Amino acid sequence: MQATISFTPQLAASPITGILWLIPAVPIVASGITALFKQPQRKAAATLSIGTLSFSLLLSLVAFVHVVSGWAHGIAVRETVNFTWIRVGAANVDLGWILDPLSAIMLVMVSFVGLLIFIYSVGYMAHDENYTRFFCFLSLFAGAMLGVVISNSILLLFMNWELVGLTSYLLIGFWYQKPSAAAAAKKAFITTRVGDIFFLLGIVWLFAQTGTLLFYNHGAGSLEGWALAGLLAQPAALGLTAAGAIGLLIFAGAAGKSGQVPLHVWLPDAMEGPTPVSALIHAATMVAAGVYLIARVYPLMQAGALTGGTTTALTVVTWVGASTAVFAALIAVAQNDIKRILAYSTVSQLGYMMAGLGLGGVAVGMFHLITHAFFKALLFLGAGSVIHGCHEEQDVRRMGGLKVDMPLTFITYAIGMLALCGFPLLFSGFWSKDGILEAAQHWSVAKTPFYMLVFGVLLTAFYMTRQVSYVFFGYNRGHKTVHESPAVMTVPLTILAFFAMALGAIGTPAWPWFRAFLEGRAASFNLHGFEEPGLLALMATSSLVVFLGLGLGWRLYGNHTPKPEAPDALEKAVPWIWAVLRDKFYVDELYGVTVIAFYAWWARVADWFDRRVWGGVVAGVAWSFGLWAQLNRFLDTNVVDGGFDKGCEELSTSGGLLARVQNGRVQTYLRILALAVVALVAILIWSSRP
Amino acid sequence: MTPLAGFLLVAALLFAIGLAGALTRRNAILVLIGIELMLNAANLNLIAFWRYSPHPEALTGMMFAIFSIAVAAAEAAVGLGLVISIHRHAHTTDLDQMNRMKG
Amino acid sequence: MSFVFYLVSAMAVAGALAAVLLKNTVHCALALTVAFAGLALLFLDLDAQFAGFAQILVYIGAVAILIVFAILLTRGSETPKDGVYSRNWLAGLAIAAAVFSVLGWAVLQSAWTLPHETAVPTVTVHDIGDALVGRYVLPLEIVALLLTAATIGAVIVAMHEKGGAK
Amino acid sequence: MIATMDQIFVLFEHWLVAFLPASMQPVATVLLSVAAIVCVFPGLFALTVWLERKGLGRMQNRLGPNRVGPFGLLQPIADGIKSLTKEDIVPASADAPVHFLAPLLLVVAVFMGFAVLPMGRNMVLVDMDAGLLFFFAMGASTEVSVFMAGWSSRNKYSLLGAMRAVAQMISYEVVLLLSSVAVVMIAGSLSLTKIVEAQNHYSGVFPNWYIFTPWGLAGFIMYAIAATAETNRSPFDLPEGESELVAGYHTEYSGFKFALFFLGEYLAMFSISGLGTTLFLGGWSAPFSFLVWIPSWIWFFSKLMLSIFVFIWMRGTLPRLRQDQLMNFAWKFVLPFTLLNLMVTALWRFMGDGWERWVVCSAILIAAYVIMGRVGMYREHFGPRRYRYAE
């Protein structure tokens, strides 16, 4: 097609949009039904969850095809279905859902990856006795996540957002008998809460400013037309427009959800959950929700930007993202738990996405999100299969040489790893990451993020090489009997591996289909896309960096992996850095001595307050009652057996006194009632006498 | 005296009688009977007001009465069930002896 | 204030008095049915056909029978040795009298403000049905729920008891 | 001529009433109709008793009454005279007033029921707007009298019989009501005349009676079962199961009071069959369009007698149930099925008049019948019976 076609926005809702709500609704209903199942009905539960999710996938594909066809005919599809939920005085609380390229792509990604992970869980959780509960939670999560994706009302989005948070909490704490898991669940919940508070503030502010909760509503939504203009006109503190301020608040929520510094601490601990959960929630979908949220409210963040310029909000996003990327990558270097390494790499990749959003706009960040979802899910599932094969062993130092024992896992894992490192040309990660780097290169504000990100690439390659060589090369330092996982687990791996490689094709500079699709432009294939100034040089650089990282990693850890007890190669080289990295820059400790300590102190204060002040008040009351009871003793001889002791005892005595009114005889009560009626009616008549 | 007043007086009388029964009888079932009487008196009021209301088509009082009849049926079923089970446990329906709930 | 009214209300009041005063519990229940019948007739006198028949159906057909069952199941029919009236019944009586006097006073206070003869309302059962499933559908549903709950509750409370189960 | 034959009683009444001053005419009309009912149905009762004894005799290979009059036709009259002249025994310990009132109340209540039955075109005593409700109200108040009879006799057989009777009547009254509600839903009125009118038209030569619809048939069957139980007829005649409790609640009655009970029972049978006829069998409307020339009241009474004969037939055929079976049957099979029937009726009402509704409704009903039948069959009701009192 030619680029000359003008893309006309199209708003009328089509049938598929009308039934879009089914996509989240069906899995949620399924989880509700699954909740009723009994333990033995495992097969039924699994079948129900998988069936419903595949139904959702089907619908999502239909929606996607609808959008793509519309796009192919030069229509930028943005169909919304809105309705009023509650009417509070003059204000309407509107809910609604939307079908546009963004949501369409996310729908397909979430439901597809989710489905694969569901299938995988059938194998992974096969021996768990809470199988049905697991699938109940999984379905609920999938439904909520899809709800986040399609919602066109920030309130609806927030509801699903919280639901997602809840399911994440439930699933991290799925093995609640493990104290570590319980703690991790709590940590995740509370940490994300911190972000969500700001998010909620942002929502309220937005509602207060624009008077609507809808994103798009034929020009009346908060992200379009006059509402946005009004937000821009409204100045907030320190040079921010209201739009920017709200954007930042929302970004705080997003940061909490997708583990940006400084709210990243919960994500690594979240790996206490079952591996499919880590793959589904903490790699592919939920953590991406934050990024998606930013992409969704992008107009808000971008509002007021000069052409090609940036806004304060976007700058903040960029800096946070870039620093997260490097920070987490550094920590990942020094971890030994296979899943923790992946977790930190997830954090850093999320940093990349955020930076991509901040630098290059929706398309860049979202593209990395999609590719990352696939290869990170692949990596996690591979890790899960490794753990499964090594009998729940998670320490990479106790593995090794698995490439012989589990060849399929090894190959797929290697593909995922290369994609993550951004191995040139063949792998999707390369293209998406290059998009971000390119954007960083051309960023007008500062060049530092660019260098940080490049450094991040190096680190990524390094720690992934370290991990892989620990796990798959050398000789087995752990359990001798290692078995390949069943097909139900390996098949999803292969599928994901395929996509981890293939997805790159839709985002190359030569044929930037993805970007064109998201931004509603025509995409054309021409190799001149590579001839943008500095692009080839950039590609070369990043490839070099990747090779450097790989080589370094191989050099240090290659085939000669040490004994489990032996110090790490890097540790031998620079012990103090290693220590810092291993202890995650002491962030947790920092929080421990600051926030948590403060809360503990505050709790102690409150406790003291309770004991002394309120306790004193209570004692005083008790004492006065005591006095009264003393009085009553003389008046009434029936209660003499009240003790002479301290307040509470006499409280009970006086209570007993009062209770004599309540002698357990119904008719007494009835009498009192009747007397009250008499009094009431008498008063009524007296008052209404002419 | 208007007819409405007559009906209301009858209702009041019935109510008082029911109340007296509920207040003076020992047997729990008879207390229930008294309560039923009171309910019926209330129904009579409702119907009378409906009949003499400016807009009987609105059916307000009538509906009220019908619903209260339905509710009374439920009340009777549960109440008598309670009495029976109490009798099964305490071997009495004498309210003066059913004072175990005293504080 | 027709003759019918006096007759029927006399019947209702007499039944009520008997229901409250008689010694034998079953007699009380039967007298209660008389009172119910009188009330139903009063309803008919008020041109409330539907309510009247519903009254007969529900109260005489179900409630009275229930009460009788309960009496027989709880051996309530034989009069207890220590009197049928609760101790300090006098107070109860006094209170009831007070209630009546106050109510009657209220009625008489406002007697002249009350409306006189009004036109006989032309309300068919059809209208009532329409209202029930139209304007009053929510109460209807709630009552349905309540009845279900009551049935189940009664069955649970008085398990194995026919009296409770209906 | 045809019209005259059809309306003959109405015309006769008008002719008679015309003699009176206009002021008395309405009262006179009512009185005449009441008189007619009070005369006709006892006559029918006598006839039915004879019929029943004869029919049962034939079914059991004996002759039945054959001494008094031709074919023993005068037997009922002889019985009546006998019961009138018998001594009226009231047990010493009986609760005399209640014992006396019970049969009267029964008969009165049953007679009231006839007031709303349309026994022919324009042949209804009072065309009430809530006729059906009135009928059931009257039916409900018979239970009280039955209880009074049983309780006041101070006889354990009577009391047990009365309790059984009341329990059974209440249980089946629910079914009776619900199965008629189905008809009300379709006819859209509680007035029996309107219900008959709603059925009184023909598609081709065939009538549009409600029994000729899936829900109607199911409803009618349920109604018939409930009616049999409501009138304490065999196979539901436990209340007077003579092998278990001598004669149930009227053990202690003799002479004319007993005759009243006997009468009341048969009148209840008549009225309930009449209602069934009105609701499901098109009341007084002719079974074929080419038979409309036959007077309507003839149709009504022939249908009535037909259902009476079915009652007799059942009595001659079926063995008696056991109390717990009876209750289980009522609450676990008949009631749920009737409720389902209600839903099906609603479905029928809102499915338009294509052929689909026939298929769908019949399918649902048959499926439900089969399933519930199986379930009921496999749940065993035949274990040792446990009697629970509030001890």
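This briefing covers the confidence of chain A, a pair of its helices, and the contact between chains B and C. The structure is a predicted model, and chain A has an average pLDDT of 82, with 91% of its residues scoring at least 70. One stretch of chain A, residues 1-6, has a pLDDT below 50, and that stretch makes 9 contacts in the model beyond near neighbours in sequence.

**Two helices of chain A**

- Helix H4 (residues 101-124) and helix H21 (residues 487-502) of chain A have axes that come within 7 Å and cross at roughly 155 degrees.
- Because angles over 145 degrees count as roughly antiparallel, H4(A) and H21(A) are roughly antiparallel to each other, and their crossing is left-handed.
- On the side of H4(A), the residues that meet H21(A) are A:Leu116, A:Ile119, A:Tyr120, A:Val122, A:Gly123 and A:Tyr124, while H21(A) brings A:Val488, A:Met489, A:Pro492, A:Ile495 and A:Leu496 to the contact.
- By residue class, the contact of H4(A) with H21(A) divides into 10 nonpolar residues, 1 polar residue and no charged residues.

**Where chain C touches chain B**

- In the contact between these two chains, 76 residues of chain C are matched with 64 residues of chain B.
- The elements of chain C that each give two or more residues to this side are helix H1 (3-21), helix H2 (25-45), helix H3 (49-73), helix H4 (89-109), helix H5 (125-133) and helix H6 (137-157).
- The side of chain C that touches chain B is made up of 56 nonpolar, 14 polar and 6 charged residues.

Key
Residues are numbered from 1 along each chain as its sequence is written. Chains are lettered from A and ligands numbered from 1 in the order in which they are written. This is a predicted model: local features need pLDDT of at least 70, side-chain atom pairs count only at pLDDT 80 or more; totals for chains, interfaces and linings use all residues. Two residues are in contact if their C-beta atoms, placed from the backbone, lie within 7 Å. Helices (H or I, at least four residues) and strands (E, at least two) are DSSP runs, numbered from the N terminus. Ala, Val, Leu, Ile, Met, Phe, Trp, Tyr, Cys and Pro count as nonpolar, Asp, Glu, Lys and Arg as charged, and the others, Gly among them, as polar. pLDDT is the predictor's confidence in each residue, from 0 to 100. Axes are lines fitted to C-alpha atoms, for helices over the stretch in contact, and angles run from 0 to 180 degrees between N-to-C directions. Angles under 35 degrees count as roughly parallel, over 145 as roughly antiparallel, 65 to 115 as roughly perpendicular and the rest as oblique. A crossing is left-handed if the near helix is turned anticlockwise from the far one by less than a right angle, and right-handed if clockwise.
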